[in-house]
Amino acid sequence: MGNNAKVILDCDPGHDDAISIILAASNVSNLEIEAITTVAGNVEVEKNTVNALKVCDIVGLKDVPVAQGAAKPLYRQAEIAEEIHGETGLDGPKLPDEPKKKAVDQHAFDLIINKIMLSNDDITLVPTGPLTNIAMAMIREPKIIPKIKEIVLMGGGTFGNWTPAAEFNIYADAEAAKIVFESGAPITMFGLDVTHQALATQETVTKFAEIGNDVSDFVVELLKYFIHTYKEFFDFDGGPIHDACTVAYLINPDIFDVKKLRVDIETKGEFSYGMTCVDTHGVTNRQANVNFAYQLDQKKFWSLFEDALSSYS
Ligand code: BDR
Ligand code: CA
């Protein structure tokens, strides 16, 4: 195991975003976290930024810059998911009122542009919220596009969770998603088809509780809340930790089965706004633009988490 990719985590924490950061910062990961950027999504961007900073405090990410990004989608009103993540965006665990760490005084898209322009084309973007910041960075400085090593994102799927057709992250800013999916940058996509397989259950909570350090206890509280809201809202018997699939893949790609295919974003449909049109049978004859993750190895996935959380002891 061990991909020493440089990553920028672009997120809206969010229970599963937080777990994704925790996995990336653990000792089983060789990822170099270049920055964490926040975007309006699960809750307002200001709250997501505070949450990202608090998670950094918990895992000891002192030197990683956190930059706040877009407060609303490119063209639409913001859509939030308080039903799932609570009023703070990270309801459940007891957290200090204020983070110790402060955000940097730079907009997320400027930080993304600067980091990529100064890089040796070795930065992977890991968006786990709406794609507004990434699209804005591409619009402001298109020269970043060929310099992006890869975009490993959570979003979309062959079915929806926010509407029958659309997944939340894509629905929240489909115009931004369209720009990113049509950019030509290499994309690996973790949609609902695979992230619903990353279902944390009561059994997961019991296992993680046995680890017994501060970080695993924090994850246990996150999961208890997330499992509860997924029962209420979707009648699921667990909470899918969607966003963490991205980082798990970067740490150990063997956990997932992927295939190359064409994915286009619907921005006009009356019932299908935000749909990712996944050409599973190659009927469009359009060039594949996505590495589509569709299968997860349960044993490898959850043992990676146990190792990651234990590494905080
Ligand atoms: C996505 O939406 C958010 O609520 C989660 O954090 C995840 O990124 C799942 O549809
Ligand atoms: Ca998210």
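## Cavities in the Model

The residues that line the second largest cavity comprise five nonpolar, two polar and two charged ones. These residues are Ala40, Gly41, Lys72, Pro73, Ala78, Glu79, Pro130, Thr132 and Ala172. The space inside the second largest cavity amounts to about 50 Å³. The structure described here is a predicted model. In this model, three cavities of 30 Å³ or more are counted.

The largest cavity has a volume of about 170 Å³. Its lining is made up of 19 residues, and those closest to the centre of the cavity are Asn42, His85, Glu167, Phe168 and His242. Two or more lining residues come from each of the helical elements α1 (15–25), α3 (82–85), α6 (168–172) and α10 (214–234). By character, the lining of the largest cavity divides into eight nonpolar, six polar and five charged residues. A general principle underlies such a survey: rolling a probe the size of a water molecule over the atoms shows where empty space is left.

## The Calcium Site

Which residues coordinate the calcium ion (ligand 2)? The donors are supplied by Asp12 (OD), Asp17 (OD), Asp17 (OD), Thr128 (O) and Asp243 (OD), at 2.2 to 2.6 Å. Along the chain, the donors of the calcium ion (ligand 2) follow the spacing D-x4-D-x110-T-x114-D. Asp12 is found in the loop between β1 (6–11) and α1, while Asp243 is found in the loop between β8 (239–240) and α11 (244–251), so the pair ties together parts that are 231 residues apart in sequence.

Are Asp12 and Asp243 buried or exposed? Asp12 has 0% relative accessibility and therefore counts as buried, because buried means under 20% relative accessible area. Asp243, at 2% relative accessibility, also counts as buried.

## The Sheet

Eight strands form an open sheet with mixed pairing, and their order is β3-β2-β1-β4-β5-β6-β12-β9. The edges are occupied by β3 (66–68) and β9 (256–261); each has a single partner strand, so one side of each is left without a neighbour in the sheet. From one strand to the next, the twist averages 20 degrees.

Within this sheet, β1 and strand β2 (residues 32–38) run parallel and are joined by six bridges. Which residue of β2 stands opposite Ile8? The residue opposite Ile8 is Ala35 in β2. The strand β1 (6–11) is also the element that comes before the loop holding Asp12, and Asp12 is one of the residues that coordinate the calcium ion (ligand 2).

Terms used. Residues are numbered from 1 along each chain as its sequence is written. Chains are lettered from A and ligands numbered from 1 in the order in which they are written. This is a predicted model: local features need pLDDT of at least 70, side-chain atom pairs count only at pLDDT 80 or more; totals for chains, interfaces and linings use all residues. Side-chain values use heavy atoms; hydrogens and water are left out. On a 1 Å grid over the protein atoms alone, a cavity is a set of points where a 1.4 Å probe fits but cannot get out, and a pocket is an open set with protein on both sides within 12 Å along at least five of seven lines; lining residues have an atom within 4 Å of a point. Grid points are joined across faces, edges and corners, and a volume is the space filled by probe spheres set on the points. Helices (H or I, at least four residues) and strands (E, at least two) are DSSP runs, numbered from the N terminus. Ala, Val, Leu, Ile, Met, Phe, Trp, Tyr, Cys and Pro count as nonpolar, Asp, Glu, Lys and Arg as charged, and the others, Gly among them, as polar. Donors are N, O and S atoms within 2.8 Å of the metal (3.2 Å for Na, K and Ca); water is not among the atoms, so sites may look incomplete. Buried means under 20% relative accessible area, exposed over 50%, partly exposed in between (1.4 Å probe, protein chains only). Two strands pair if DSSP finds at least two bridges between them. Axes are lines fitted to C-alpha atoms, for helices over the stretch in contact, and angles run from 0 to 180 degrees between N-to-C directions.
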